[in-house]
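Me: Could you walk me through this one before I go back to the bench? I'd like to start with a strand pairing and then wander a bit.

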Amino acid sequence: MIYYITDNRNQAIHLREIPEVDYAALYEDLKERLTQEQYHVAHYFARPEEQKLRFYLILLDDATAQIMISSFSMEYYEDIALPSLTALHPALHPFEREITELYNVEFDSMPWNKPLRFAFNRRNRNSTIDNYPFYTIEGESLHEVNVGPIHAGIIEPGAFRFICNGENVLHLEIALGYQHRGVENEFTATDNRLRQMLLSESIAGDSAVSHGVAFAMAMEKLSGKKADENLERERTVALELERMAMHIADTGALCTDVGYQLGQVACEALRTMTINTTQAWCGNRFGKGLIRPSGTNKPLTKEKVEMIRQNVAQIKRRYNEVREDIKTSASLLARYEQCGNVPKQEMQRIGGVGMAARASGVSRDIRSSHPYLAYGTELKHESIIKRQGDVMARLMVRCREVLQSADYIEQILSNYTPAESHLPDYDSPLKEESISIALMEGWRGEICHVAITDKEGKIETYKIKDPSLHNWLALALAVRGEGISDFPINNKSFNLSYCGHDL
Amino acid sequence: MAIVLNTLLVIITSLAIPGVINRTRALLAGRQGMPFTQHLRNVNLLMKKSTVYSTTTTALFRIAPAIYLGAAIVAMLFIPVADLYPLISFDGDVICFAYTLALARIIIIFAAMDTGSSFEGMGAAREALYGALIEPALMIGFATLALFCGYTSFAEIFEHEQTFDLHLTIVMLLTAFLFVNITFVESGRVPVDDPRTHLELTMIHEVMCLDYCGIDMAMIHIASWIKCACFSMIAANAIAATCCFNWWFATPLAILLTGLSVGVVESTQGRNKLVRNTTFIVTISALAALIFFIGYLLKLDINI
């Protein structure tokens with residue numbers, strides 16, 4: 001057995017139970033397996049264990065809802081190069097790059113071995129973002145355009161290096177890693193569960209609820225104190241509200257970027273209404289403070305349920321009008337259609353996740369493939385898939401998901417009866433020497449949190465994967481061959497997170 | 001006296017159009033919006049600020065805004081307001097007008113190249129391309145007027161044509177439509193350019209002025225208003241010549257024509273994809289050629 005098999009609702013697993021195999025065996029197996037569409041790697045990382053460096057690989061099987069975990073190890077100072085999986089399956093590039101950056105493990109014939117994020121705990125301190133090895137092409141008629149790392153606005157830093165032939169983009173390289181908070185290490189620096197919870201809500205500000213739920217799920221699997229059914233419903237509603245708010249905001253941003261004022265102001269108003277609904281529920285517009293492990297401070301009351309149902313119904317109706325407007329406006333279709341194509345095959349190869357992948361026809365959705373919370377039980381989730389893979393497809397996936405989320409919220413809340421709720425639990429001990437994997441679908445895509453505890457039940461390693469980690473490469477591919485002036489709408493159609501990547 | 005009033009009216013037009021555009025947009029967006037004089041306050045603020053110059057730029061960069069504004073002011077002095085008489089007028093001043101504005105464009109392109117920024121180089125390339133493409137439309141438009149009226153000076157073209165006959169009405173209305181289109185391109189509004197965008201990669205005119213601040217930026221803003229008012233006034237004159245050739249009719253017409261049309265288009269429509277701009281502008285030139293042809297046939301007195 002190469003893999004330990006579990007699923008997204010199971011408890012934490014003792015580290016002893018994870019098979020420790022030979023890298024060659026794992027390599028051979030993955031080489032074959034990853035050619036099939038149903039498999040993809042959710043996380044792959046290394047951590048020092050005693051005198052060794054132990055690598056964990058978490059493989060997802062979308063067809064059978066299985067989570068397959070495998071591991072291998074090598075001596076900490078062993079100086080051998082492992083054959084690179086990225087060379088065969090580019091989807092693994094962020095993981096191998098991170099391992100190389102942190103532990104100086106070489107991967108043989110790795111095609112793009114650049115540092116991933118220049119974290120403070122990187123091994124080679126001489127490699128800094130200032131001497132980032134940008135890809136270059138020589139040519140008389142080519143010119144380079146550098147955008148960033150400081151942007152004209154309130155967004156985070158990231159450098160975009162375009163190589164253009166006139167107005168056409170030949171190549172875009174995105175260099176991230178300008179700011180770090182060391183979030184993963186912060187989780188291990190404190191034993192205060194509440195502090196860790198707050199930390200998880202700040203991993204990416206636009207996905208506060210999503211990362212919060214992922215952390216809470218990881219902790220509940222370790223402590224064994226499962227969330228009750230009502231709590232699961234509440235979390236599902238919170239997640240879908242967040243999805244609605246962000247998708248509406250991005251619809252507005254896409255309208256702004258093409259100078260379409262009506263769409264912009266309509267979406268701004270609707271987005272405000274959505275996040276104000278969240279605020280009326282929990283006191284924070286982005287849902288901070290709402291998700292707590294094994295309980296909640298902000299249970300839904302009858303009045304709140306009514307308020308949310310009314311608001312969501314109104315948002316749905318008004319947003320649908322905006323959607324119709326966009327779909328019937330010739331000047332907008334001319335901008336969005338056939339722009340920034342990422343074909344399914346490419347999206348598959350680079351391991352795209354979430355709504356961007358679904359817009360290209362890759363049906364990757366944790367809500368249906370690895371159900372959690374109320375998905376798969378109360379809600380029979382069907383992903384919204386488009387095949388074109390252009391800006392329009394990504395926009396339409398967003399539009400349809402907003403309407404779908406509104407339906408889900410209505411469906412859950414119409415059967416919801418408030419009951420006695422538990423207060424959050426910050427104290428119950430965690431299972432020792434265990435690995436807990438929490439998978440969930442944020443609005444952007446698949447979020448994976450992995451917590452590993454030590455002998456005393458303290459978190460020793462915490463690994464976070466934001467969907468942006470995979471999808472930044474999709475953005476770079478989308479603008480190839482496009483006019484450089486279409487970069488902003490492509491960027492907005494993905495709306496990826498800098499801090500989710502840089503951590 | 002009439003000359004002073006004429007100049008004054010063109011200045012009022014140039015100051016009022018941005019205000020009308022902003023109010024129209026606010027109204028259509030259902031917002032309270034900015035006050036009518038916000039653009040004047042902004043420029044006032046800019047004038048109070050000091051300027052900063054990049055160390056890579058030369059003297060050309062510093063004098064460019066002054067030349068840009070100067071050229072726009074000179075061009076403005078050629079423009080009559082319906083029955084009033086402009087300050088400068090001579091045979092062939094339509095050509096002089098067009099190339100005074102071309103001088104303004106070329107100097108700002110040079111200034112943009114002077115900064116050495118990759119953004120501004122892109123903006124300069126775009127501005128040069130669209131400037132070159134819109135030029136035939138402008139010249140053919142003037143040619144139509146000159147052919148039909150027999151004069152090559154703005155003042156005389158509009159002054160001597162108040163016969164209110166059908167042929168004149170057709171040609172003048174078509175020419176007015178042409179000049180409204182040219183106004184959109186020349187003043188860089190949606191669908192060609194978006195003056196409000198914050199995205200350097202999509203800008204055309206704005207990106208060339210990224211390195212300017214303070215009074216230089218104020219001069220560039222004012223020059224753009226004047227340019228816009230000139231074309232708008234030509235269109236308004238053409239319409240006024242068909243029905244009511246008076247300054248008190250032409251001035252509000254010029255303000256509302258551009259103010260409302262730009263405001264409505266910017267509220268309800270998206271921008272062109274950049275490559276489509278070329279098609280859009282060439283179409284305006286083709287339209288100009290068509291209008292010229294119609295004018296020519298009507299001049300030959302073909303019965304319709």
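Me: What's the bridge partner of A159(A) in β10(A)?
Reply: This is a predicted model, and in it A159(A) has A175(A) of β10(A) as its bridge partner. That pair belongs to the antiparallel pairing of β9(A), residues 159-165, with β10(A), where seven bridges join the strands.

Me: What order do the strands of that sheet come in?
Reply: The order is β8-β9-β10 in chain A, an open sheet of three strands with antiparallel pairing. The edges are β8(A), residues 142-147, and β10(A), residues 168-175, each of which pairs on one side only. From one strand to the next the twist averages 20°.

Me: Switching to the contact between chains, how many residues does each chain put in?
Reply: Chain A contributes 26 residues and chain B contributes 24 residues. On the side of chain A that touches chain B, the elements giving two or more residues are β8(A), α7(A) (261-282), α9(A) (330-336) and α15(A) (487-494).

Me: Which of them gives the most?
Reply: That is β8(A), with five residues, and β8(A) is also one of the edge strands of the three-stranded sheet. By class, the side of chain A that touches chain B is made up of twelve nonpolar, nine polar and five charged residues.

Me: And α15(A), how many of its residues are buried?
Reply: Eight of its eight residues are buried, so the definition gives each of them 20 or more other C-beta atoms within 10 Å of its own. The buried residues include F487(A), P488(A) and I489(A), and also N490(A), N491(A) and K492(A). They pack against α6(A) (229-257), α9(A), α11(A) (354-359), α13(A) (391-414) and α14(A) (468-478).

Me: What follows that helix?
Reply: N495(A) follows α15(A), and its phi is positive, near 40°.

Me: Different topic: what covers the buried residues of α10(B)?
Reply: The cover includes α7 of chain A, together with α1, α7 (166-186) and α9 of chain B. Among the buried residues of α10(B) are L253(B), I255(B), L257(B) and V262(B), along with G259(B), G263(B) and E266(B). The helix runs over residues 247-268, and its 22 residues reach 31 Å from the first C-alpha to the last, close to the 32 Å expected at 1.5 Å a residue.

Me: Where is the kink in α3(B) centred?
Reply: The kink is centred on P65(B) and amounts to about 30°. Even so, α3(B), with 18 residues from 59 to 76, reaches 26 Å from its first C-alpha to its last, close to the 26 Å expected at 1.5 Å a residue.

Me: Is P65(B) itself buried or exposed?
Reply: P65(B) is buried, as are F61(B), Y68(B), L69(B) and M76(B), among others in α3(B). The buried residues of this helix pack against α1(B) (2-29), α4(B) (93-115) and α9(B) (214-243).

Me: Back to chain A: which residues of β12(A) sit on each face?
Reply: E446(A), C448(A), V450(A) and I452(A) are on one side, while I447(A), H449(A), A451(A) and T453(A) are on the other, and all are buried, so both faces are covered. As background, side chains in a regular strand alternate between the two faces of the sheet.

Me: What does it pair with?
Reply: β12(A) has antiparallel pairing with β11(A), residues 434-441, through seven bridges, and with β13(A), residues 459-465, through six bridges. E441(A) stands opposite E446(A), and I452(A) stands opposite T461(A).

Me: Which residues in those hairpins have a positive phi?
Reply: In the hairpin of β11(A) and β12(A), with four residues between the strands, G445(A) takes a positive phi near 155°. In the hairpin of β12(A) and β13(A), with five residues between them, G457(A) in the turn has a positive phi of about 80°.

Me: Last one: what's the order in the four-stranded sheet?
Reply: The order is β1-β5-β4-β3 in chain A, an open sheet with antiparallel pairing, and the edge strands are β1(A) (4-6) and β3(A) (39-49). Ten bridges join β4(A), residues 52-61, to β5(A), residues 66-75, and within that pairing I58(A) has I69(A) as its bridge partner. Helix α2(A), residues 93-103, packs on the sheet by touching β3(A) and β4(A), and its direction makes about 10° with that of β3(A).

How values were computed
Residues are numbered from 1 along each chain as its sequence is written. Chains are lettered from A and ligands numbered from 1 in the order in which they are written. This is a predicted model: local features need pLDDT of at least 70, side-chain atom pairs count only at pLDDT 80 or more; totals for chains, interfaces and linings use all residues. Two strands pair if DSSP finds at least two bridges between them. Axes are lines fitted to C-alpha atoms, for helices over the stretch in contact, and angles run from 0 to 180 degrees between N-to-C directions. Two residues are in contact if their C-beta atoms, placed from the backbone, lie within 7 Å. Ala, Val, Leu, Ile, Met, Phe, Trp, Tyr, Cys and Pro count as nonpolar, Asp, Glu, Lys and Arg as charged, and the others, Gly among them, as polar. The expected span of a helix is 1.5 Å times one less than its number of residues. The bend at a residue is the angle between axes fitted to the seven residues ending there and the seven starting there. A residue is buried if 20 or more other C-beta atoms lie within 10 Å of its own, exposed if 12 or fewer, and partly exposed in between; C-beta atoms are placed from the backbone.
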